[in-house]
Amino acid sequence: MFFKISILIILAISSIEDIRRKEIFLWQILILGGLSLAAVATSIYDGSFDPWNLLLSLLPGAIMIFLSFITREGVGYGDGLMALAIGPSLGAAASVMAILIAIGISGLFSGILLVLKRAERKTKIAFAPFITIGTFVAAFSQLGVMT
């Protein structure tokens with residue numbers, strides 16, 4: 001629970017900076033990665049470590065980084081690195097859920113902006129707030145499942 005709350009605090013800070021400056025800072029990604037490493041170390045210590053779950057939890061972030069490369073940062077590298085950094089602390093199912101929720105909500109938000117003519121097709125929006133919302137929902141929807 002400590003790791004999830006700590007990650008949500010850093011994600012909230014990252015969201016504010018992403019909205020203001022349209023960038024995610026390296027120190028934020030490093031803290032998120034450090035929290036995930038600590039969560040993995042804790043799971044190794046208490047005997048609940050699952051290497052397949054760890055590998056699968058990295059997949060959403062890896063896919064986002066690949067999309068950043070293909071789209072020439074249509075999806076920012078920082079967003080992919082952020083998803084990669086939070087994956088191990090959330091686990092495979094929750095990290096996939098968090099990113100899918102983030103994509104869905106950002107798509108809905110973007111559609112509303114387009115309909116209201118507040119944005120154009122090429123307008124860049126901050127994705128970190130949506131990752132934060134997705135992570136919040138994914139982390140707390142699985143509290144009964146995860147210990």
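**Largest pocket and the H2–H4 contact**

In this predicted model, the largest pocket has a volume of about 890 Å³. A pocket is an open set of points on a 1 Å grid over the protein atoms alone, with protein on both sides within 12 Å along at least five of seven lines, the probe being 1.4 Å; volume is the space filled by probe spheres set on the points. The pocket is lined by 31 residues (an atom within 4 Å of a point), and Gly-74, Val-75, Gly-76, Lys-124 and Ile-125 are the closest to its centre. Two or more lining residues come from each of H2 (26-45), H3 (51-70), H4 (77-90) and H5 (92-115), helices being DSSP runs of H or I with at least four residues. H5 gives the most, six residues. The lining comprises 15 nonpolar residues (Ala, Val, Leu, Ile, Met, Phe, Trp, Tyr, Cys, Pro), nine charged (Asp, Glu, Lys, Arg) and seven polar (the others, Gly among them).

The axes of H2 and H4, fitted to C-alpha atoms over the stretch in contact, come within 7 Å and cross at roughly 20 degrees on a scale from 0 to 180 between N-to-C directions. H2 is therefore roughly parallel to H4 (under 35 degrees). In the contact (heavy atoms within 4.5 Å), Ile-29, Leu-32, Gly-33, Ser-36, Ala-39 and Val-40 of H2 meet Gly-78, Leu-81, Met-82, Ala-85, Ile-86, Pro-88 and Ser-89 of H4. Nine of these residues are nonpolar, four are polar and none is charged.

Residues are numbered from 1 along each chain as its sequence is written, and side-chain values use heavy atoms, without hydrogens and water. Local features need pLDDT of at least 70 and side-chain atom pairs 80 or more, whereas totals for chains, interfaces and linings use all residues.

Conventions. Parallel < 35°, antiparallel > 145°, perpendicular 65-115°, else oblique.
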